[in-house]
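Thanks for making the time this morning; I would like to walk through one structure with you, taking it region by region. Please have the sequence and the model open while I talk.

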Amino acid sequence: MTTEAIALRRLIDSSSSILITTHINPDGDAAGSSLALYHILCKMGKNVLFISPNEIPPSLHFLPGVDEYVPFNQNPDTLAERLQNTDLLFCLDYNTLSRTGDAMAELLRTFAGKKVLIDHHQQPDTDYAISFSDTSYCSTCELLFQVLSEAYPDLKWLTPDVATCLYTGILTDSGSFRFNTVQPRTHRAVATLLEAGAPHTAIHEAIFDQNRPERFRLMAVMLSHMTYLSHSVVYSWITEKEFLQSGADKEDSEGFVNMGLSIRGVKVSALFREEEGKVRISFRSKGEVDVNQYARTYFNGGGHRNAAGGTWYGTIQEAVKRFEETIFEVVPS
Ligand SMILES: [Mn+2]
């Protein structure tokens, strides 16, 4: 067992009131890791609460325990009260408190107790009692599985519910086991999760076979705008008006940016979405092309090497122009 895992076990043993938090707009990895830990700590008899900055999306409502979390945006007072008597704060799947949103981050910054980070994003904050931060993991769920396996090697905590939550995060954050962050150990972890009762076929169906017709209406718009900057760079955009007309919601556009990347020869795909006077941009890349650094440099964003996001404070046309002028600095034309 690593010293950090021993330290974590001691910290959990000596804590009775534990709070779990994750990033805003929780995805499969954020919700999966938080709910998995929630189940485990509940079973240990801890007084545990999971507060998410906002709602877990309907596509993840199959996750066991999803009815028991508190969305901060609907109940801001719960967090303020809870922080008064929290022994231990878990920060899962985010690298800096601002990823919980302005209001929630402000409250979390007032917490003077012990914090534990479990995360796989770059450049994490450093003020944690224990920090499990490793960008070589495809998902926080896989890292959490590794940490727990070291801290509690008997695996008695690995119930079917926990296995379902962890499998979901690994599946979604690894692009169905295809990203280069997937390693042999990922599949070993998944094998253990299947042995523990993760219903993988049902999880795949629950995640991938839930499209609404509005998604395809919006997809048609996105495809009609698809533009090739070169044989290796493609982008598209969706205006706020088009978005509203399609009847789609935010979730419906998930994965659109990956479609560009599935075109033969394409190394970078970008999607520009107009949203409340700003432009949200998603970047995806293949191989060595680093869109994390690119998004940081030009679009007030960041993320991972092959998957990053950013924000442009202006019009879509300006954002696209900026993209056209700069993208060939990171991708060979
Ligand atoms: Mn993640």
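**Two domains and a metal site**

Between domain 1 and domain 2 there are four residue pairs in polar contact, counting pairs in which both residues have pLDDT 80 or more, and I should say straight away that what we are looking at is a predicted model. Salt bridges between domain 1 and domain 2, by contrast, number zero.

Let me place those two domains for you. The domain assignment of the protein chain puts residues 3-208 in domain 1 and residues 213-329 in domain 2, and their centres, taken over C-alpha atoms, are separated by 28 Å. Nine residues of domain 1 and eight residues of domain 2 take part in the contact. Putting the two domains together buries about 650 Å², and carbon and sulfur atoms contribute 32% of that area. On the domain 1 side, the residues that lose the most area to domain 2 are Gln 122, Gln 123 and Asn 180, which together make up 51% of what that side buries.

Now to the metal. Which residues coordinate the manganese ion? They are Asp 29, Asp 93 and Asp 173, each through OD, together with His 120 through NE2, at 2.2 to 2.3 Å. Along the chain these donors follow the spacing D-x63-D-x26-H-x52-D. Two of them show how distant parts of the chain are linked here, since Asp 29 sits in helix H2, residues 28-43, while His 120 sits in the loop between strand E5 (114-119) and strand E6 (130-133), 91 residues apart. Both Asp 29 and His 120 are buried.

I would also like to point out Phe 62, which lies in the loop between strand E2 (47-52) and strand E3 (70-71). Is Phe 62 buried, exposed or partly exposed? With a relative accessible area of 27%, Phe 62 falls in the partly exposed class, because that class runs between the buried limit of 20% and the exposed limit of 50%. If we leave aside the neighbours within four places in sequence, Phe 62 is in contact with Thr 164, Thr 168, Ile 203, Ala 206 and Ile 207. For Leu 158, which is 96 residues from Phe 62 along the chain, the separation of the two C-alpha atoms is 18 Å.

Finally, the salt bridges, of which the count is 10. One of them joins the side chains of Arg 212 and Glu 214, at 3.7 Å from N to O, and Arg 212 is partly exposed at 30% relative accessibility. In another, Arg 280 pairs with Glu 275, the closest N and O atoms being 3.4 Å apart; here Arg 280 is partly exposed, with a relative accessible area of 30%, whereas Glu 275 is buried, at 11%.

Arg 305 and Glu 288 also form a salt bridge, with the closest N and O atoms 3.4 Å apart. That pair links distant parts of the chain, 17 residues apart, with Arg 305 in the loop between strand E11 (302-303) and strand E12 (307-312), and Glu 288 in the loop between strand E10 (278-285) and helix H12 (291-298). Arg 305 is partly exposed, its relative accessible area being 31%, while Glu 288 is exposed, at 67%. Lastly, Arg 212, Glu 214, Asp 249 and Asp 252 are joined into one network by salt bridges that share partners.

Definitions and conventions
Residues are numbered from 1 along each chain as its sequence is written. This is a predicted model: local features need pLDDT of at least 70, side-chain atom pairs count only at pLDDT 80 or more; totals for chains, interfaces and linings use all residues. Side-chain values use heavy atoms; hydrogens and water are left out. Donors are N, O and S atoms within 2.8 Å of the metal (3.2 Å for Na, K and Ca); water is not among the atoms, so sites may look incomplete. Helices (H or I, at least four residues) and strands (E, at least two) are DSSP runs, numbered from the N terminus. Buried means under 20% relative accessible area, exposed over 50%, partly exposed in between (1.4 Å probe, protein chains only). Contact means heavy atoms within 4.5 Å. Domain bounds come from an automatic or database domain assignment. Buried area is the accessible area (1.4 Å probe) that two parts lose on being put together, summed over both. A salt bridge is a side-chain nitrogen of Lys or Arg within 4 Å of a carboxyl oxygen of Asp or Glu. A polar contact is a pair of N or O atoms within 3.5 Å; within protein, one must be able to donate a hydrogen and the other to accept it, and residues adjacent in sequence count only if both atoms are side-chain atoms.
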